[in-house]
Amino acid sequence: MAWGRALSLVEHRLEVAVTSVVEKRLGALPVAAEFLRRLDVAGIVDGVCPGGASALVMHGQVIEALVANRLTSPAPLVRVEDWARCWAVEEVFGIGPGLLNGDRLARGLDAIAPHLENLAGTVRARAIGDFGIDVARMHWDMTSMSVHGTFPVEGQDEDFPVIGYGRPKDRRSI
């Protein structure tokens, strides 16, 4: 009788342990993580901007997490830590949410700011090589234009883009 009661108690404890569930969003995090790892974004960033041997999380890891945030659920820097708590960031990237606080993110962004052209070019070259991207016909049109005056929609040719109110891509003041 005592064994039966003890066994029942153990089964109950196991049942309680098994039914404890933590829910976190996964979304495209594994896909983003795989692409970031294949491109070696963290390694490239850390090669140009070492975060120091005593850092709990390196600049490259921070930048990878920020890229994943932008791709899955963009949040302001002060909300990235909350995003990391709700999403499976720790499980996928191995970074505790508390390590992605606004101060740490800002230090990571400050570290890469002077090296953006080099970092972007290196990651682009890696993507072209690793994924076999044919750039022979690639064209990135950064044309920006501003117009002044009133252009009613009904008077414009519908075969062309409609002129409307907005801001030019080059951020010139109008």
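Reader: Is Cys49 buried or exposed?
Author: This is a predicted model, and every value here is computed from it. Cys49 has a relative accessible area of 5%. The cut-off for a buried residue is under 20%. Cys49 falls below that cut-off, so its label is buried.

Reader: What is the relative accessible area of Cys86, and how does that class it?
Author: Cys86 is another cysteine to look at. The class in between runs from the buried limit of 20% to the exposed limit of 50%. Cys86 has a relative accessible area of 46%. That value lies between the two limits, so Cys86 is partly exposed.

Reader: How many disulfides does the structure hold?
Author: A disulfide is a covalent bond between the sulfur atoms of two cysteines. In the model, two cysteine sulfur atoms would have to lie within 2.5 Å. The number of disulfides in the structure is zero.

Reader: How many helices and how many strands make up the secondary structure?
Author: Read along the sequence, the pattern is α-α-α-α-α-α-α-α. Each symbol in that pattern is an α. The secondary structure comes to eight helices and zero strands.

Reader: What percentage of the residues of the protein count as buried?
Author: A residue counts as buried under 20% relative accessible area. The protein has 174 residues. The buried share of them is 25%.

Reader: Where is Ala33, and what is its relative accessibility?
Author: Ala33 is found in helix α2. It counts as buried. The limit for that label is 20%. Ala33 is in α2, and its relative accessibility is 1%.

Reader: What distance separates the C-alpha atoms of Ala33 and Val89?
Author: Along the chain, Ala33 and Val89 are 56 residues apart. In space, their C-alpha atoms are separated by 9.6 Å.

Reader: How do α2 and α4 lie to each other?
Author: Helix α4 covers residues 59-72. The axes of α2 and α4 come within 10 Å and cross at roughly 135°. Angles over 145 degrees count as roughly antiparallel, and 65 to 115 as roughly perpendicular. The angle fits neither range, so α2 and α4 are oblique.

Reader: Which hand does the crossing of α2 and α4 have?
Author: A crossing can be left-handed or right-handed. The crossing of α2 and α4 is right-handed.

Reader: How many aromatic pairs does a search of the whole structure find, and what kind is the pair of Phe35 and Phe131?
Author: The search finds two aromatic pairs. Phe35 and Phe131 form one of them, at 5.3 Å centre to centre, with 40° between the planes. Planes under 30 degrees apart count as stacked, and over 60 as edge-to-face. The angle lies between those limits, so the pair is tilted.

Reader: Which helices hold Phe35 and Phe131, and how many residues apart in sequence are the parts they tie together?
Author: Phe35 lies in helix α2, residues 29-39, and Phe131 in helix α8. Phe35 is partly exposed at 41%, and Phe131 is partly exposed at 29%. The pair links α2 and α8, so it ties together parts whose separation in residues is 96.

Reader: What angle lies between the planes of Trp83 and Trp87?
Author: Both Trp83 and Trp87 are buried. They form a tilted aromatic pair, 6.5 Å centre to centre. The angle between the planes is 35°.

Reader: Over which ring does the charged end of Arg37 sit?
Author: The charged end of Arg37 is 5.7 Å from the ring centre. The ring belongs to a residue in helix α6, residues 89-93. That residue is buried, at 10% relative accessibility. It is Phe93.

Reader: Where is Asp130, and how far apart are the C-alpha atoms of Asp130 and Leu39?
Author: Asp130 is in helix α8, residues 116-131. It is partly exposed, with a relative accessible area of 39%. Asp130 and Leu39 are 91 residues apart along the chain. Their C-alpha atoms are separated by 7.6 Å.

Reader: What is the phi of Asp40?
Author: Asp40 is found in the loop between α2 and α3. It counts as partly exposed at 30% relative accessibility. Asp40 is not a glycine, yet its phi is positive, at about 55°.

How values were computed. Residues numbered from 1 in each chain as written. Predicted model: local features only at pLDDT ≥ 70, side-chain atom pairs only at ≥ 80, totals over all residues. Heavy atoms only, no water. Helix = DSSP H or I, 4+ residues; strand = E, 2+ residues; numbered from the N terminus. Buried < 20%, exposed > 50% of the residue type's maximum accessible area, 1.4 Å probe, protein only. Phe/Tyr/Trp six-rings, centres within 6.5 Å; stacked < 30°, edge-to-face > 60°. Lys NZ or Arg CZ within 6 Å of the ring centre and 35° of its normal. Axes fitted to C-alpha atoms, helices over the stretch in contact; angles between N-to-C directions. Parallel < 35°, antiparallel > 145°, perpendicular 65-115°, else oblique.
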